[in-house]
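Here are a few exercises to try with a protein model open beside you. Read each task, have a go yourself, and then follow the solution step by step.

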Amino acid sequence: MTKFEWTSEVPLAAETTYDWHARPGALTRVSPHWAQEIVEEGYPPLAPGSVAQIKASLPGSYGLVRRPFTAVHSEGPSRFSFVDELMKGPLSQWKHTHEFTSEAGGSQISDTIEFSMTPQGFETIDRAMSHYLQATFEARQRRLLMDFAFLERMNAPLLRSSTPKHILIGGGSGLVGRQVAALFSTAGHFVRLLVRRAPKFEYEVHWDPELGIINPRDLAWADAVVHLGGKSIATRFTKKAKEEIRSSRLDSTMLLAETMKALPEAKRPEVFVCASAVGAYGAEAQRPVDESAPFGEGFLAELCGDWEAAAASVEEAGIRWVSIRSGIALTTLGGFLRVQAPLYLAGAGGRLGSGDQGLAWVSLDDLARSYVHAALTDYVRGPVNAVAPHLVTQKEFAEALAAHLHRPAVIPTPGFVTELVLGRDGARELALADQKVVPTKLEETGYQFAQPTLTDCLDEELGTGA
């Protein structure tokens, strides 16, 4: 049995720090994306017997190779403590004790992990595991402090005496939606998720956009409605796929908007924040554009125009409207970066097309935070570009990713290859799109980026491969 110990300090009382960890979404928020992917948190969080399902990354894989890891919660040795123990996973034993103690100016978090590898007796493997755990907990501490600072700026009820909001989220089980829901929840707000299946938990409510089914009382409950649902656009742009992409967004958005407008004025939500995309500006950019630019041309631009119009209709009923025009979210949990990074590790990475196209990117953390910022900042209205302030080209992205992974970037992907995968329209509007977009409105409304540069983002999402 090997013991690993780690201590960190945070500028909050022990009770508040423990309460944050006991909120739904805390495990999702504190976990470095390169180290682990949270499949399902235990509910209620930290309750004895609740089970967390995780995909733990193999050391050295940069978060690209993951193994299932299941842990059960139990009571800890003191008031502000809890324990996770291995139920199933790639180790023979694992016991993680978390303790929170008060100290001058804040509290100390003490993490003690007792583990055994399989096979037994390989000290080199144990040392490698300890090094990996150290990198993981350094990243956890940074994420925790980063989130606490953001929640302070958002006047979080968990940290201050502000009144909690009721937040209803559509698409809360998706890549971005999970992070958005976790941010609202750990801030101390009440969160409910719209789900199409039968609800399993008390915070879930049923709806079916295809059949036009939703309970108006669920919308009357909400102070803010956030909608991120829609079929993925990362597919070949066939006629059928375009129809499904379009209907999945418009049907659900119109159902929410029309139901909110039909409520009595006193019961209507204060704000509707809906997803959109930088595809609104089209696939060709002559210069950087902000939210004042007109819609472009092409399938995605037309889709975004209709999508935003459907969301904006709530203004007729006095409800504040925001559409988040997101760039490409970079994370090892899914999407563009998760597809590209393995190619680079294999020595087969390189720019897409000419490499001169602008890449409108954003970190997963900043994309999720932009939704929270928009919902809780009452002077944010209309379209908002959720993109990083540091503009890069496809070539610059390829060079930065290759440098981070210590690999070359010498094998470009020709345009015709992306056309074979995505179709002509898909390749032009997705992989080969030239999008130079700036986050003017986010910056003007006081948003502070967690990962403003590509280097910051790659460090956070890929780690060091420890």
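**Exercise 1.** Find which helices and strands each supply at least two residues of the lining of the largest cavity in this predicted model.

*Solution.* Start with the strands: β1 (2-10), β6 (93-103) and β7 (106-116) each supply at least two lining residues. Next, add the helix α3 (123-153), which also belongs to this group. Now ask who gives the most: α3 does, with four residues.

To see the lining on your screen, pick out Trp6, Ser8, His21, Val30, His98, Phe100, Ile109, Asp111, Phe137, Arg140, Gln141 and Leu144. Sorted by class, these residues are six nonpolar, four polar and two charged. The two charged ones can be spotted by name, because Asp and Arg count as charged: look for Asp111 and Arg140 in the lining.

**Exercise 2.** How many cavities of 30 Å³ or more does the whole structure hold, and how much space lies in the largest?

*Solution.* First, the search of the whole structure finds two such cavities. Then take the largest: about 100 Å³ of space lies in it.

**Exercise 3.** Describe the second largest pocket, beginning with its volume.

*Solution.* Step one is the volume, about 700 Å³. Step two is the lining: 37 residues line this pocket, and Gln36, Ile54, Ala56, Phe69 and Trp94 are the closest to its centre. Step three is to ask where the lining comes from. The elements giving two or more residues are α2 (26-30), β3 (51-57), β4 (66-75), β5 (81-88), β6 and α3. Here α3 gives the most, with eight residues. Finally, sort by class: the lining has 24 nonpolar, eight polar and five charged residues.

**Exercise 4.** In what order do the eight strands of the open sheet run, and which are the edge strands?

*Solution.* Walk across the sheet and you meet β11-β10-β9-β8-β12-β13-β14-β18, with mixed pairing. The strands at the edges, β11 (213-214) and β18 (382-386), each pair on one side only.

Now zoom in on one pair. Remember that strands of a sheet pair through backbone hydrogen bonds, either parallel or antiparallel. Strands β13 (residues 271-277) and β14 (residues 320-326) pair in the parallel sense, over seven bridges. For a landmark, find serine 276, which stands opposite arginine 325 in β14.

**Exercise 5.** Across which strands does helix α6 lie?

*Solution.* Locate α6 at residues 239-262, then trace the strands it lies across: β9 (190-195), β10 (204-208), β11, β12 (224-227) and β13. Last, check the direction: α6 runs at about 170° to β12.

Conventions. Residues are numbered from 1 along each chain as its sequence is written. This is a predicted model: local features need pLDDT of at least 70, side-chain atom pairs count only at pLDDT 80 or more; totals for chains, interfaces and linings use all residues. Side-chain values use heavy atoms; hydrogens and water are left out. On a 1 Å grid over the protein atoms alone, a cavity is a set of points where a 1.4 Å probe fits but cannot get out, and a pocket is an open set with protein on both sides within 12 Å along at least five of seven lines; lining residues have an atom within 4 Å of a point. Grid points are joined across faces, edges and corners, and a volume is the space filled by probe spheres set on the points. Two strands pair if DSSP finds at least two bridges between them. Contact means heavy atoms within 4.5 Å. Axes are lines fitted to C-alpha atoms, for helices over the stretch in contact, and angles run from 0 to 180 degrees between N-to-C directions.
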